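Me: I'd like a close look at one part of this model, the surroundings of the bound ligands. Could you walk me through it in one go?

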Amino acid sequence: MNKQKVLMRTLQEHLRTSCFEEVNLGYSKEEALLEADRCLDCKHQPCVAGCPVGIDIPGFIRLIKADQIEEAYHLIGLSSSLPAVCGRVCPQESQCEAVCVHAKKGESVAIGHLERYVADTYYQQNHTYEPIQSHHTKVAIVGSGPAGLSCAHDLINAGFEVDIYEALHLPGGVLSYGIPSFRLPKEIVKREIVELTQRGVKIITNVIIGKSLTIEDLKDMGYQAIFIGTGAGLPRFMNIPGEMLPGVYSANEYLTRLNLMHANNPLSATPIHRGKRVAVVGGGNVALDAARSAIRLGADVVYLVYRRGREELPARLEEVIHAEEEGVIFKLLTNVKEIIGDEKGFVKSIRCVDMVLGDLDESGRRRPIENPKKQTILPVDEVIMAIGTSPNPLLIQTVKELASDKWGCLVVDDATNETSMPSIYAGGDAVTGAATVILAMEAGRKAAHAIIQKYKPL
Ligand code: FAD
Ligand code: SF4
């Protein structure tokens with residue numbers, strides 16, 4: 001038995017940096033069969049326990065071996081409505097793959113790659129779906145990110161009437177406006193959403209709940225339950241001098257302009273400043289996505305400025321490796337103290353300080369401590385802040401009865417995801433703060449099951 005995973009082929013580096021084509025190219029049938037053969041079909045199934053939505057992993061791998069891809073897709077579909085998305089962006093290395101028995105002595109089975117293979121192969125045939133017979137109990141979902149979509153998936157399958165209200169002009173949440181297409185092609189997101197709409201979920205875009213309509217309006221419109229999955233789209237800043245200079249972006253604005261507003265097209269009505277020397281501040285997936293996008297937009301130099309070391313980078317290892325291959329320069333154990341402007345007021349450089357790692361902090365990582373004697377100036381003409389996001393306060397501000405914590409996250413019941421208001425549920429980043437796609441999906445499912453228990457006609 002091969003101790004190593006079958007590697008996924010990637011787009012050659014010299015082709016990557018000038019286009020937004022997907023970098024990972026997927027498995028061929030032969031590669032998928034070879035990788036599937038490594039699965040031992042363990043009786044105690046540790047990988048299933050490691051998956052937040054409990055996908056029957058050995059079950060779908062068994063079906064790959066039997067070349068029953070449609071059946072494998074439907075088996076995954078019992079637990080997940082976004083298999084092609086999750087196969088691409090889930091942090092499997094810290095979930096199902098981390099506990100795979102193979103991981104003890106060699107490399108785990110490439111569960112994510114196999115999930116992606118199943119979904120992509122299934123989508124190659126053009127399937128259409130019949131609408132599901134509804135029993136006319138209406139549920140409104142606010143926000144069409146993974147939390148809202150996965151709640152809608154389980155509710156529509158249980159016969160509920162489901163309407164999703166989305167503030168933006170495209171559904172998908174971060175999957176559409178955040179994660180760039182070189183990691184997650186937009187047609188993949190669209191394909192997974194089409195299945196839901198064919199089954200009967202209505203998506204109403206360009207409606208901001210809390211502005212265009214209120215929660216009270218939704219209740220008056222006959223919705224018996226409401227799920228809030230509004231995410232955490234409010235960027236945080238460092239509050240350092242120079243942060244308001246032209247040429248400083250939040251990663252959210254930068255990536256949204258790119259993904260939703262066609263900013264990479266020079267003829268776009270909403271173009272983006274194309275920095276030649278760019279500093280991205282942060283070390284998570286968002287920071288890496290922004291840095292790799294800046295390279296593709298023609299920057300000569302892109303620094304990733306992160307105050308801890310490589311091992312502490314919160315981004316997925318695969319993304320770190322791809323960023324290194326593409327030429328991103330990692331300025332580790334470095335923090336930005338000031339953004340300096342030129343005589344016209346545009347970004348000219350950043351003043352950085354070296355950091356050392358101290359004892360463990362409350363997050364379990366070693367605390368970064370400044371070494372003020374070691375400061376450097378880096379000449380840059382663009383700075384992208386990717387140091388985290390918080391829930392958007394708009395909805396909470398308009399509904400006083402909705403309890404939230406000091407970070408603005410909605411407070412919910414652990415078992416049902418019901419908020420402080422009866423029949424109003426919430427989940428995903430709006431509750432946890434910025435987290436992951438699969439955790440948002442898990443929360444959406446949990447709320448859906450609570451709604452089904454409460455409202456399903458006998
Ligand atoms: P969101 O995806 O944020 O969706 C919320 C939706 O609600 C949005 O469409 C928003 O427009 C809408 N909305 C907000 N307010 C209102 C309102 N008042 N009325 C109507 N609609 C509203 N996770 C991973 O697992 N792997 C990754 O590789 C990864 N990479 C990431 C890269 C980037 C750039 C970003 C930003 C995040 C990344 N994440 C990743 C995190 C992941 O995408 C989020 O945790 C996940 O999308 C949260 O899902 P959600 O449904 O809670 O919220
Ligand atoms: Fe297969 Fe690994 Fe799961 Fe065992 S733990 S069933 S080898 S994927």
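Which helix gives the most residues to the shell around ligand 1? Please build the rest of the picture around that.

Reply: Happy to, and bear in mind that this is a predicted model. The helix you're after is H13, which gives three residues to the shell around ligand 1, the most of any element.

Let's start with who sits around this ligand. There are 34 residues around ligand 1, and the ones that come nearest are Val89, Glu166, Arg183, Ile209 and Asp429. Sorted by class, that shell holds 19 nonpolar, 11 polar and four charged residues.

Now for the polar contacts made through the backbone. Valine 437 has a polar backbone atom 3.0 Å from an oxygen atom of ligand 1. For alanine 435, a polar backbone atom is 3.2 Å from an oxygen atom of the ligand. Proline 146 also takes part, with a backbone N or O atom that lies 3.2 Å from an oxygen atom of ligand 1. As for cover, ligand 1 exposes 1,000 Å² when taken alone, and the protein buries 93% of that.

Back to the helices. The elements that give two or more residues to this shell are H8 (146-157), H9 (174-177), H13 (285-296) and H17 (437-455). On the domain level, the shell draws at least three residues from domain 2 (138-233 + 389-455) and at least three from domain 3 (237-385).

Ligand 2 is worth setting beside that. Its surroundings are made up of Cys39, Leu40, Asp41, Cys42, Pro46, Cys47, Pro58, Cys100, Val101, Val109 and Ile111. By class, this shell has 10 nonpolar residues, one charged residue and no polar ones.

You'll have spotted the cysteines in that list, including Cys39, Cys42, Cys47 and Cys100. Are they tied up in disulfides? A search of the whole structure finds zero disulfides. A disulfide, after all, is a covalent bond between the sulfur atoms of two cysteines. Cysteine 39 counts as buried because its relative accessibility is 13%, under the 20% cut-off. Cysteine 352 counts as buried too, at 1% relative accessibility.

One last stop is glutamate 31, which is found in helix H2 (residues 29-36). Glutamate 31 has a relative accessible area of 17%, so this residue is buried as well. Glutamate 31 and threonine 419 are 388 residues apart in sequence, and their C-alpha atoms are 46 Å apart in space.

Conventions. Residues are numbered from 1 along each chain as its sequence is written. Chains are lettered from A and ligands numbered from 1 in the order in which they are written. This is a predicted model: local features need pLDDT of at least 70, side-chain atom pairs count only at pLDDT 80 or more; totals for chains, interfaces and linings use all residues. Side-chain values use heavy atoms; hydrogens and water are left out. A residue is near a molecule or strand if one of its heavy atoms lies within 4 Å of it. Ala, Val, Leu, Ile, Met, Phe, Trp, Tyr, Cys and Pro count as nonpolar, Asp, Glu, Lys and Arg as charged, and the others, Gly among them, as polar. A polar contact is a pair of N or O atoms within 3.5 Å; within protein, one must be able to donate a hydrogen and the other to accept it, and residues adjacent in sequence count only if both atoms are side-chain atoms. Accessible areas come from the Shrake-Rupley method with a 1.4 Å probe; for residues, only the protein chains shown count as cover. Helices (H or I, at least four residues) and strands (E, at least two) are DSSP runs, numbered from the N terminus. Domain bounds come from an automatic or database domain assignment. A disulfide is a pair of cysteine sulfur atoms within 2.5 Å. Buried means under 20% relative accessible area, exposed over 50%, partly exposed in between (1.4 Å probe, protein chains only).
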